[in-house]
Structures are given as C-alpha cells and as structure tokens.
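The exercises below each set a task and then work through it step by step. Please keep the sequence and the structure in view while reading.

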Amino acid sequence: MSKLEQIIILDPPTDLRFKGPFTDVVTTNLRLKNPSDRRVCFKVKTTAPRRYCVRPNSGVIDAGATVTISVMLQPFDYDPNEKSKHKFMVQTIYVPSSGTDMEAMWRDARPEDLMDSKLRCVFDMPTENDKHEVDSAKPAPVLNSSRVDGPSGLRGSTMDDTEMRKLLEDCKRLQAEMSKLADENRQLRQDDGVRMRKPMWSDNVMSNASALIGRESAVSSLPSLLVVIAAIFIGFFLGKFVL
C-alpha cells in the first residue's frame, strides 16, 4: 500500500532559508496550512537538533487552520565553501475521532498512515547591496523629538521625557556625590594643616618660654651684680683712705 500524499500545505514548500550574518540567532518561519475538513497532528524533525530550536515542534492543526512555526538557527562560524546538509521533515497524521493521547497515537501509527514533507536548509550571506539597503532602512536617531499628533507620537514623547528625567536625576546624583567627595577632600586637607601647625606652635611656645625664663633670670641676677660692683667700689675707696 502506497503512502498517503501530504495533506498539509507548507510555506515555503521545499527550502528553509536563513540569512546571515550568523553571529546571532537567525529565525525563519514555516507555515503549515490544513485545507482538509479533518484535524491533523504534526511533528517537526531535523537532522541537526543541536543547531536549531523549533517552536512549536509538534501540535494539532484544526480543519482549515494555519500554524506558524519558528525555526531558530543558533550562532555558528559560517564557511561559504561548506554546503549545508541540514534537513527538516514535517510528519503529519490524521487525528482519529477517538484519539486523545498524542504520544500513543504517534507510537502506534502505521507507516502507511504517516504523511511527510522534507525541506533543506539554505544559508544566504547578505551582499553589499543588501547591507546598504538594511543600513538605509534603519531610522535615523532623533535627538530632539518634536510633538507628533496621534497616540503613537504621544507614547514616543512620553518615553523620551521619562528617559530625560532619569538622565537628569543621574546627573544630579553624580554631582552631589562629587561635591561630597570634594568637601571630604577639603576637610582632610584642613585637618592635615592643623596637625602640621601644632608642632610648630609648640616649638614657638617653648622658644618663647625659654626666652622669657632667660630674661627673668637676667633680671633677677641684676641686683646681685650691682651689689657686687658696689662692694668692689666701697672696698677700693676704703682701702685708699686707710692706706
């Protein structure tokens, strides 16, 4: 018995393209559409499970519904000479009317009941023209946003004001901290000057005290010297008269 033809419509149908550079996660979308009148269960598999993250990687698609699957390629060192051998396979099966246990349904499914589609992975590096178009498409930074009519303009203006207030508060806080540090530095310099002047003041006091003591001793010894001189003169005159 031949296999059933895939009932799900895949978009893209054969290739999953990932556009570099591949220094960050690159995401591409795969859409699964169920055109039938029955519910379909799907499962996504890959030959390189460590290189990709698929969300969701399994589930149920209702009749006439579409499911979008995000396929995320992890960062890697791109080699243009190396061809990608990564592949994906989308397996599907009709959900039986009495089926509630999906794991048991996949486990007990017969090969002839499974439908599958395969996709290959293609890595595209951006050309110089693509880089130029991406750079030109980026909006220019607006330093001073003018008032814009409409809800979107109001939201942008409010966000800019909030960020500006936050920046001003940070600047004020930094200025206060710098002023505080300057005051502390000035106080430390004053304390060092006081400590340096104290020994000098003590030396001056000691020298002045010594001078005062010297003057006092000189003054106190002056009467004794006069008495001695007077005694010498008296003795000289007495000796002269006696002789």
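## Exercise 1: a buried acidic side chain and its partner

Asp15 counts as buried, with a relative accessibility of 17%. The model examined here is a predicted one.

**Task.** Find where Asp15 is placed, and work out which residue meets its side chain in a salt bridge.

**Solution.** Step 1: Begin with the position in the fold, where Asp15 belongs to strand β2.

Step 2: Check the burial against the cut-off, since buried means under 20% relative accessible area, and the 17% of Asp15 therefore places this residue in the buried class.

Step 3: List the contacts, leaving aside neighbours within four places in sequence, and Asp15 is found to touch Leu119, Arg120 and Val122.

Step 4: Look at the side chains, where Asp15 and Arg120 form a salt bridge with an N to O distance of 3.1 Å. This pair connects distant parts of the chain, because Asp15 is in strand β2 while Arg120 is in strand β9 (residues 115–124), 105 residues apart.

Step 5: Consider the partner, for Arg120 is partly exposed at a relative accessible area of 45%, whereas Asp15 is buried.

Step 6: As a further link in space, the C-alpha atoms of Asp15 and Phe88 are separated by 9.2 Å, although their positions lie 73 residues apart along the chain.

## Exercise 2: other salt bridges

**Task.** How many salt bridges does the structure hold, and which residue pairs with Arg31?

**Solution.** Step 1: The structure holds 8 salt bridges.

Step 2: One of them joins Arg31 to Asp11, with the closest N and O atoms 3.2 Å apart. The two residues come from distant parts of the chain, Arg31 from strand β3 and Asp11 from strand β1, 20 residues apart.

Step 3: Arg31 is partly exposed at 35% relative accessibility, and Asp11 is partly exposed at 38%.

Step 4: Another salt bridge is that of Glu112 with Arg110, whose closest N and O atoms are 3.7 Å apart. Through shared partners, salt bridges join Arg110, Glu112 and Asp113 into one network.

## Exercise 3: cis peptide bonds

**Task.** Which kind of peptide bond, cis or trans, leads from Asp11 to Pro12 and from Arg55 to Pro56?

**Solution.** Step 1: As background, most peptide bonds are trans.

Step 2: The bond from Asp11 to Pro12 is cis, with omega near 5 degrees, and Pro12 is in the loop between β1 (9–11) and β2 (15–19).

Step 3: The bond from Arg55 to Pro56 is cis, with omega near -10 degrees, and Pro56 is in the loop between β5 (52–55) and β6 (58–61).

## Exercise 4: a serine in a loop

**Task.** Decide whether Ser36 is buried or exposed, and trace what surrounds this residue.

**Solution.** Step 1: Ser36 is in the loop between β3 (26–33) and β4 (40–46).

Step 2: With a relative accessible area of 14%, Ser36 is buried.

Step 3: The side chain of Ser36 makes a polar contact of 2.6 Å with the side chain of Asn34, and a polar atom of the Ser36 side chain lies 3.2 Å from the backbone oxygen of Arg38.

Step 4: Not counting residues up to four places away in sequence, Ser36 touches Ile7, Ala63, Gly64 and Tyr94.

Definitions and conventions:
Residues are numbered from 1 along each chain as its sequence is written. This is a predicted model: local features need pLDDT of at least 70, side-chain atom pairs count only at pLDDT 80 or more; totals for chains, interfaces and linings use all residues. Side-chain values use heavy atoms; hydrogens and water are left out. Helices (H or I, at least four residues) and strands (E, at least two) are DSSP runs, numbered from the N terminus. Buried means under 20% relative accessible area, exposed over 50%, partly exposed in between (1.4 Å probe, protein chains only). A polar contact is a pair of N or O atoms within 3.5 Å; within protein, one must be able to donate a hydrogen and the other to accept it, and residues adjacent in sequence count only if both atoms are side-chain atoms. Contact means heavy atoms within 4.5 Å. A salt bridge is a side-chain nitrogen of Lys or Arg within 4 Å of a carboxyl oxygen of Asp or Glu.
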